[in-house]
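Dear colleague,

I am handing over the structure below, so that you can open it beside this note. Please look through it once before reading on.

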Amino acid sequence: MLTVNQTFRKIRNMEIRGALDIAIVSANSLLGVVDSDARDTKNLVAKLNFSGKRLKSARPTAVSLPNAVDYILSLANKNRNLEINEFRKKVSSGIKKFIEEQNNAIERIAEIGSRLIENGDIILTHCNSDTVTMMLKHAWDNGKRIKVVCTETRPRYQGYITVRELSKHGIPTTLIIDSAVHYAMRELKVDKVLVGADAVSVSGDLINKVGTSQIALCAKELDIDFIVATESIKFSPRSIIGAVIEIEERNPREVVGSKKFRGVTILNPGFDVTDARYIDMIVTEYGVMPPQAVYSVLKEKFGWELVEK
Ligand code: RI2
């Protein structure tokens, strides 16, 4: 099991990435804290709060990370009056249950979403989403003979992970440069766009890997369905009170390496926002919904307890 510091570093340098994975590994590392030495429950709760704060600061955009940490901290704070061994038992089992729920959620999405995929579909995806790849593999395993078009996803080329994984599974894949999206949609006659999510706001806007919003514009123009696959843990409760989801600004070196461009600003946002009106469907563990339904899920799932933090 990774320590909190190891987890923090691996998330920060993107050795561990993908919105769901960073939430799950963070939860796992907090499990380690629950089992660590502590004078008493109060001391353990303080350690958990400190660790949670550090984990949340590893990357700013994927809401699944603070949601997972806040859930665990609220569980710890609720049980702070228990005797230390009772506390450990209660909080550990809560964390394990949370992790199990997330693993079930991704499988359920794969199952539900694969029904939206038809035999012969040509599907375009962007970046690397475990939720999307699991759905595509599920569809394939159920006899849907699909083809998948993947963007490279500059500057970190997560699209390479996607094409490798899918083609290893036997799915015919085509790799394109990011700027060939419109061309490929038209020439290859793409039927559907399927992307993951780093966060979804209360208004149903999607925050995902930079470039997603351009793909959505092209899909709208060409009348191609734009589908988002996301666990509800990526819905942002704080967006209900108007909080804006921070877009991670990454190191310019990812774009230009060590080349020098005197007097030039290099902008390297990790994510962008796709307006809800470009999204046809959101597939979650609760089923397929329009972006307008995000508010009800948020209210039902998170209540208001997380919101004012
Ligand atoms: P899963 C990734 O971000 C991509 O934006 C992807 O769509 C999203 O996380 C969700 O991934 P990054 O970590 O949770 O590569 O579906 O910056 O795996």
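What follows goes from the whole chain to one helix and then to a few backbone details.

This is a predicted model, in which local features need a pLDDT of at least 70 and side-chain atom pairs count only at pLDDT 80 or more, while totals for chains, interfaces and linings use all residues. Residues are numbered from 1 along each chain as its sequence is written, and side-chain values use heavy atoms, with hydrogens and water left out.

The protein has eleven helices and ten strands, where helices (H or I, at least four residues) and strands (E, at least two) are DSSP runs numbered from the N terminus. Its radius of gyration, taken over C-alpha atoms, is 20 Å, which agrees with the value near 19 Å for a compact globule of 309 residues; that rule is 2.2 Å times the number of residues to the power 0.38. Along the principal axes, the C-alpha trace spans about 65 × 50 × 40 Å. Of the 309 residues, 54% are buried, meaning under 20% relative accessible area, with exposed meaning over 50% and partly exposed in between (1.4 Å probe, protein chains only). Among contacts (heavy atoms within 4.5 Å) between residues at least 6 apart in sequence, 76% join residues at least 24 apart.

Helix α6, residues 130-141, has twelve residues and should span 16 Å at 1.5 Å a residue, and its end C-alpha atoms are indeed 16 Å apart; the expected span is 1.5 Å times one less than the number of residues. The buried residues of α6 are Thr131, Val132, Thr133, Met135, Leu136, Ala139 and Trp140. Just after this helix, glycine 143 takes a positive phi of about 85°.

The remaining points concern the backbone in two loops. Most residues other than glycine have a negative phi, and most peptide bonds are trans. In the loop between β2 (147-151) and α7 (158-168) lies proline 155, which is joined to arginine 154 by a cis peptide bond with omega of about 0°. Threonine 153 is placed in the loop between β2 and α7 and, although not a glycine, has a positive phi of about 65°; at 0% relative accessibility, threonine 153 counts as buried. Lysine 189, in the loop between α8 (181-187) and β4 (192-195), is not a glycine either and has a positive phi of about 55°, but lysine 189 is exposed, with a relative accessible area of 60%.

With best wishes
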